[in-house]
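Please load the model in your viewer and keep the sequence panel open beside it. The tour below moves from one selection to the next and says what is there at each stop.

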Amino acid sequence: MRVADLLLMDRYIAWIHGSQGVMYFAMDWSAGGGGGRDMPAWDRSECERLGLEGAELTPALASGVNSSDAGAPAVVVSDKRVEAAAFVETGRLDVGGGIIVLVANTANEPLAFNLSLTPGSVEDGAAVVLFANRNLTVADCVISDSVDAMGTRAYRLRSNASAAQSADGGVNILACAPGVQPDSTSCGFETSANVGVPDGVYA
């Protein structure tokens with residue numbers, strides 16, 4: 001078991017239980033240098049990887065809406081050694097997002113599991129397995145997958161609420177009309193379609 005894998009599992013467990021920020025410090029002074037300056041290359045690269053995963057998940061982690069709130073689906077896992085929680089992904093409803101589910105395996109063995117979300121909360125179809133370059137199928141709000149020993153998973157699912165918004169002809173995040181009040185899913189810099197004046201800004 002690599003130390004880096006344990007760090008990642010610990011971070012996911014912290015996120016699952018509501019942490020919005022995690023900090024790491026290089027405190028190895030044994031080589032006679034300053035803390036972190038003599039840090040092994042693999043430590044630096046793993047910390048960078050953790051940072052990139054955190055950056056991708058920030059719209060969900062910072063939304064303040066997770067499985068402990070009424071606004072996010074509840075998650076039931078078939079194996080109690082696997083911890084999981086769902087988060088509402090702010091600002092990405094119209095681009096295939098909506099719900100992020102994080103999973104952490106606390107057992108020192110690979111496990112197969114089923115994730116059951118609140119009925120009707122997410123669309124059936126493809127779910128993206130983040131950081132793994134693959135998709136899974138959601139059927140009746142259930143995902144089946146496996147996870148490595150002390151491993152983690154992150155899934156992006158499309159919520160039924162976002163599908164309803166699109167079907168209703170809701171606010172288009174790429175082209176807000178004058179007079180439309182921007183909200184968390186409209187006229188955002190994150191989805192700006194040009195490199196000049198942000199969409200929805202009229203001078």
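Begin by colouring by pLDDT, which is the predictor's confidence in each residue, from 0 to 100. The chain has a mean pLDDT of 75, with 64% of its residues at 70 or more. Select residues 163–177, where the pLDDT is below 50 and where the model nevertheless shows 28 contacts (heavy atoms within 4.5 Å) beyond near neighbours in sequence. Then select residues 198–203, where the pLDDT is again below 50 and 13 such contacts are present. Where pLDDT is low, the predicted coordinates should not be read in detail.

This is a predicted model, in which local features need pLDDT of at least 70 and side-chain atom pairs count only at pLDDT 80 or more, whereas totals for chains, interfaces and linings use all residues. Residues are numbered from 1 along each chain as its sequence is written, and side-chain values use heavy atoms, with hydrogens and water left out.

Switch now to a cartoon view, in which 3 helices and 8 strands make up the secondary structure; helices (H or I, at least four residues) and strands (E, at least two) are DSSP runs, numbered from the N terminus. Read from the N terminus, the order of elements is α-α-β-β-β-β-β-β-β-β-α. Of the 203 residues in the chain, 38% are buried, where buried means under 20% relative accessible area, exposed over 50% and partly exposed in between, with a 1.4 Å probe and protein chains only.

Next, select tyrosine 12 and tryptophan 15, which both lie in helix 1, 3 residues apart, or about one turn of the helix. Both tyrosine 12 and tryptophan 15 are buried. Ring pairs among Phe, Tyr and Trp (its six-membered ring) need centres within 6.5 Å, and planes under 30 degrees apart count as stacked, over 60 as edge-to-face and the rest as tilted. By this rule there is 1 aromatic pair. The ring centres of tyrosine 12 and tryptophan 15 are 5.3 Å apart with planes at 55 degrees, so the pair is tilted.

From tryptophan 15, go to glycine 54 in helix 2, whose C-alpha atom is separated from that of tryptophan 15 by 9.7 Å, although the two are 39 residues apart along the chain. Glycine 54 counts as buried because its relative accessibility is 12%. Setting aside neighbours within four places in sequence, glycine 54 is in contact with Arg11 and Trp15.

Which strand holds alanine 104? Select strand 3 (residues 98–105) to find alanine 104 there; with 0% relative accessibility, alanine 104 counts as buried. Outside its neighbours within four places in sequence, the contacts of alanine 104 include Met9, Tyr12, Ile13, Ile16 and Thr152. The C-alpha atoms of alanine 104 and leucine 8 are separated by 9.0 Å, with their positions 96 residues apart along the chain.

Finally, inspect two loop residues by their backbone torsions. Most residues other than glycine have a negative phi, and most peptide bonds are trans. Phenylalanine 131, in the loop between strand 5 (125–129) and strand 6 (134–138), has a positive phi of about 65 degrees although it is not a glycine, and at 41% relative accessibility phenylalanine 131 counts as partly exposed. Cysteine 141, in the loop between strand 6 and strand 7 (142–147), likewise has a positive phi of about 65 degrees, but at 4% relative accessibility cysteine 141 counts as buried.
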